[in-house]
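Me: I am new to this structure. Could you show it to me, then take my questions one at a time?

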Amino acid sequence: MKLTTKEIAVFGVLGAIMYVSKFIMEIIPNVHLLGVFTIAFTVVYRKKALYPIYIFVVLTGIFCGFAAWWIPYLYLWTVLWGAVMLLPKKMPKKVQPVIYMTVCALHGFLYGTLYAPTQAILYGLSFKGMIAWIIAGLPWDCIHGISNFFCGMLIMPVVLTLRLVEGNTNKS
């Protein structure tokens, strides 16, 4: 995955945009555009989308601290990236927004469940303790999933903008 100079610059900016968007939206718990950006970057850049995603992850660690809460960030966004990578590249244009919004929402609904194993290991929770942790977080996961679905309406506009910047508007 060799990068061009342009890609290095673009991916740095995209990773920074992810971080700034999360910072700005922290006033509203569990509402953010990270799923939107992760999906859009993956649709446009495929494997190379991991660069801006991990620039975001590292920036988050640098500015917010490399603490126990940060460790799941090392895989949480990769799970969403992987789910999008498994989707067919050529979907009918009419279903793309709904599919992407649904995947974004599912990631939000499952966020606490995906986060829980690391918390269980780090804090010595039993399996029952981990399940209790997941159940306690379900209201927040519901907010996360619902907000991800509606924020997901921005995925296709971001994809189209990135393709315009890349000079490639013919991809479906």
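Reply: Gladly. This is a predicted model. From the N terminus on, the elements run α-α-α-α-α-α-α-α.

Me: How many helices and how many strands are there in the chain?

Reply: Every element in the run from the N terminus is written α. The count for the chain is eight helices and zero strands.

Me: What radius of gyration does the chain have, set against a compact globule?

Reply: The C-alpha atoms fill a box of roughly 50 × 35 × 30 Å along the principal axes. For 172 residues, a compact globule would come out near 16 Å. The chain agrees with that, at 16 Å.

Me: What share of the residues is buried?

Reply: Buried here means under 20% relative accessible area. The chain has 172 residues, and the buried part of them is 45%.

Me: Of the contacts between residues at least 6 apart in sequence, what share joins residues at least 24 apart?

Reply: Contact means heavy atoms within 4.5 Å. Among the contacts in question, the share that joins residues at least 24 apart is 74%.

Me: What part of the exposed area do carbon and sulfur atoms supply?

Reply: The chain exposes about 9,300 Å². Carbon and sulfur atoms supply a share of 76%.

Me: How far apart lie the centres of the positive and negative side chains?

Reply: There are 13 positive and 4 negative side chains in the chain. Each set has a centre, and the distance between the two is 12 Å.

Me: How many aromatic pairs does a search find, and is the one between Phe 11 and Tyr 51 stacked or edge-to-face?

Reply: The search of the whole structure finds 14 aromatic pairs. For Phe 11 and Tyr 51, the ring centres are 6.0 Å apart and the planes meet at 10°. Planes under 30 degrees apart count as stacked. The angle of 10° therefore makes this pair stacked.

Me: Which helices does the pair of Phe 11 and Tyr 51 tie together?

Reply: The two residues are 40 apart in sequence, so the pair ties together separate parts. Phe 11 is in residues 5-25 and Tyr 51 in residues 50-64. Those helices are α1 and α3.

Me: Is Tyr 51 buried or partly exposed?

Reply: Its partner Phe 11 has 1% relative accessibility and counts as buried. Tyr 51 has a relative accessible area of 30%. The cut-off for buried is under 20%, and exposed starts over 50%. Tyr 51 is therefore partly exposed.

Me: Which kind of pair do Trp 77 and Tyr 111 form?

Reply: Their centres are 6.0 Å apart, with 45° between the planes. Stacked needs under 30 degrees and edge-to-face over 60. The Trp 77 and Tyr 111 pair is tilted.

Me: Where in the chain are Trp 77 and Tyr 111?

Reply: They are 34 residues apart, and the pair links distant parts of the chain. Trp 77 counts as buried at 1% relative accessibility, and Tyr 111 at 13%. Trp 77 is in helix α4 (residues 73-86), and Tyr 111 is in helix α5 (residues 96-123).

Me: Which residues do ring pairs link into a cluster?

Reply: Trp 77 and Tyr 111 both belong to it. The full cluster is Phe 56, Trp 69, Tyr 73, Trp 77, Tyr 111, Tyr 115 and Trp 133.

Me: What does Trp 70 touch beyond its neighbours within four places in sequence?

Reply: Trp 70 sits in the loop between α3 and α4. It is buried, with a relative accessible area of 11%. Val 58 is twelve residues away in sequence, at 9.5 Å from C-alpha to C-alpha. The contacts of Trp 70 are Val 57, Thr 60, Gly 61, Gly 65 and Tyr 115.

Me: Which residues does Asn 148 touch, apart from those up to four places away in sequence?

Reply: Asn 148 lies in helix α7 (residues 138-151). At 1% relative accessibility, it counts as buried. It touches His 32, Cys 104, Ala 105, His 107 and Gly 108.

Me: What is the phi of Asn 30?

Reply: Most residues other than glycine have a negative phi. Asn 30 is not a glycine, yet its phi is positive. Asn 30 is in the loop between α1 and α2. Its phi is about 65°.

Conventions
Residues numbered from 1 in each chain as written. Predicted model: local features only at pLDDT ≥ 70, side-chain atom pairs only at ≥ 80, totals over all residues. Heavy atoms only, no water. Phe/Tyr/Trp six-rings, centres within 6.5 Å; stacked < 30°, edge-to-face > 60°. Helix = DSSP H or I, 4+ residues; strand = E, 2+ residues; numbered from the N terminus. Buried < 20%, exposed > 50% of the residue type's maximum accessible area, 1.4 Å probe, protein only. Rg over C-alpha atoms; globule rule 2.2 N^0.38 Å. Areas by Shrake-Rupley, 256 points an atom, 1.4 Å probe, with all protein chains shown as cover. Lys, Arg positive; Asp, Glu negative; His and termini not counted. Charge placed at Lys NZ, Arg CZ, Asp CG, Glu CD.
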